[in-house]
Amino acid sequence: MEHVKTDNKTAVTTFILLGFGNAPELQIPLFLVFLIIYSVTMAGNIIIIVLVIKDHHLHTPMYFFLGNLSCLETFYTSTLLPRMLVSFLTGDRTISVGGCYIQLYCFGIPAIAECYLLASMSYDRYLAICKPLQYATLMSRRLCFLLSAISWLCGITVMTLLISLMSQLKYCGPHEIDRFFCDLAPLINLSCSDTTLVTLVSLTVSVIDSVPSFLLTLLSYISIIAAIIRIPSSDGRKKAFSTCSSHLIVVSIFYGSLIFVYVLPQKEALREVDEIFSVFYTVLTPLINPLIYSLRNKEVKRALMRVVNKCGISK
């Protein structure tokens with residue numbers, strides 16, 4: 001660990017990421033597991049992005065948002081996993097303070113944007129099922145682009161504000177982060193500066209970013225389920241539910257993991273479980289999402305076959 005003396009205090013210039021570092025004999029197996037996860041995640045999300053762009057049958061609001069979701073997950077998976085894979089091979093778990101801020105910034109932007117994007121997707125499904133006759137008018141292409149742009153803009157604005165405040169902090173004590181990546185709360189807790197302002201701002205933006213989007217998603221699905229129950233035919237109910245079941249699974253996994261990691265009280269007894277859930281929403285959710293949307297969605301399967309046939313790979 002490197003130190004710099006400032007104002008009679010020793011300033012920490014590097015951190016140690018402790019995640020998965022307490023089992024040296026598992027480093028190679030973990031490397032192989034996470035390499036497979038990263039490869040499948042990138043392939044699955046890139047395939048969805050290509051399909052949404054290339055196949056005109058998928059040029060609808062639902063798949064436009066799905067393509068954006070895949071972009072987000074490709075971005076923040078690439079922020080975390082490559083460095084983790086290197087640490088498994090080399091055993092080097094150190095990261096500079098500046099590098100930590102950059103990783104947090106690049107991870108935080110798509111993570112925040114995903115909250116808004118999932119809410120937009122829920123609103124899209126609400127309009128499609130509850131207001132089918134007005135859907136084409138209400139969910140216009142302009143609104144789709146606007147909702148997507150707002151999602152990214154909120155992520156960029158919030159993380160720029162937080163990183164600008166955190167860059168004022170100094171670190172002069174413990175330098176170990178009990179995560180496999182640089183997360184906001186551990187960085188604030190490790191600082192020896194006055195963290196009142198950055199804590200207040202981070203709490204405020206966390207509530208603003210998560211609570212309204214979660215409530216909008218929840219209310220959308222309450223309305224959707226109520227509308228589906230009122231459909232007289234069982235075939236109609238099944239068809240209506242199939243259009244939003246994939247997204248409901250994704251939302252449940254994403255918010256369930258976030259609540260466990262960031263909302264529930266942190267206890268030493270749950271430290272390992274907490275680490276597992278942090279892996280779940282940062283690593284496994286981007287892996288599961290394209291599988292859920294492709295395996296449960298006939299239109300995506302058809303689009304894949306059309307693109308494959310068009311490229312001459314399959315006869």
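This is a short tour of the structure, stop by stop.

**Before you start**

This is a predicted model, in which local features need pLDDT of at least 70, side-chain atom pairs count only at pLDDT 80 or more, and totals for chains, interfaces and linings use all residues. Residues are numbered from 1 along each chain as its sequence is written, and side-chain values use heavy atoms, with hydrogens and water left out.

**Whole chain**

Show the chain as a cartoon. It has 10 helices and five strands. Helices (H or I, at least four residues) and strands (E, at least two) are DSSP runs, numbered from the N terminus. Of the 315 residues, 46% are buried. Buried means under 20% relative accessible area, exposed over 50%, and partly exposed in between (1.4 Å probe, protein chains only). Now turn to contacts, meaning heavy atoms within 4.5 Å. Among those between residues at least 6 apart in sequence, 75% join residues at least 24 apart.

**Helix 5**

Select residues 141-166. These 26 residues form helix 5. The expected span is 1.5 Å times one less than the number of residues. That gives 38 Å, and the end C-alpha atoms are 38 Å apart, which agrees.

Colour the buried residues of helix 5, including Cys-144, Leu-147, Ser-151, Gly-155 and Val-158. The buried residues here pack against helix 2 (61-90), helix 3 (97-130), helix 6 (184-190) and helix 7 (196-229).

**Helix 5 against helix 7**

Add residues 196-229, which are helix 7. Helix 5 and helix 7 pack at about 170°, with their axes 10 Å apart. Axes are lines fitted to C-alpha atoms, for helices over the stretch in contact, and angles run from 0 to 180 degrees between N-to-C directions. The two helices are therefore roughly antiparallel. Angles under 35 degrees count as roughly parallel, over 145 as roughly antiparallel, 65 to 115 as roughly perpendicular, and the rest as oblique.

Helix 5 passes helix 7 in a left-handed crossing. A crossing is left-handed if the near helix is turned anticlockwise from the far one by less than a right angle, and right-handed if clockwise. Show side chains at the meeting place: Val-158, Leu-161, Leu-162, Leu-165 and Met-166 in helix 5 meet residues of helix 7, among them Leu-197, Val-201 and Asp-209.

**Helix 3 against helix 7**

Swap helix 5 for helix 3, residues 97-130. Helix 3 and helix 7 pack at about 20°, with axes 9 Å apart. They are therefore roughly parallel to each other. This crossing is also left-handed. Residues of helix 3, including Ile-112, Tyr-116 and Leu-118, meet residues of helix 7, including Ile-208, Leu-216 and Tyr-221.

**Leu-66**

Select Leu-66, in helix 2. Is Leu-66 buried or exposed? Leu-66 is buried, at 3% relative accessible area. Leaving aside neighbours within four places in sequence, Leu-66 is in contact with Ile-48, Met-121 and Tyr-293. Try a distance to Leu-118: the two are 52 residues apart in sequence and 9.3 Å apart in space, C-alpha to C-alpha.

**Thr-195**

Move to Thr-195, in the loop between helix 6 and helix 7. Thr-195 counts as buried, at 18%. Beyond neighbours within four places in sequence, Thr-195 is in contact with Leu-169 and Ile-188.

**Aromatic rings**

Finish with the rings. The structure holds nine aromatic pairs. One of them, Phe-180 with Phe-181, is edge-to-face: 4.9 Å centre to centre, 65° between the planes. Rings of Phe, Tyr and Trp (its six-membered ring) pair if their centres lie within 6.5 Å; planes under 30 degrees apart count as stacked, over 60 as edge-to-face and the rest as tilted. Phe-180 is buried at 6%, and Phe-181 is buried at 0%. Add Tyr-76 and Phe-107: ring pairs link these with Phe-180 and Phe-181 into a cluster.
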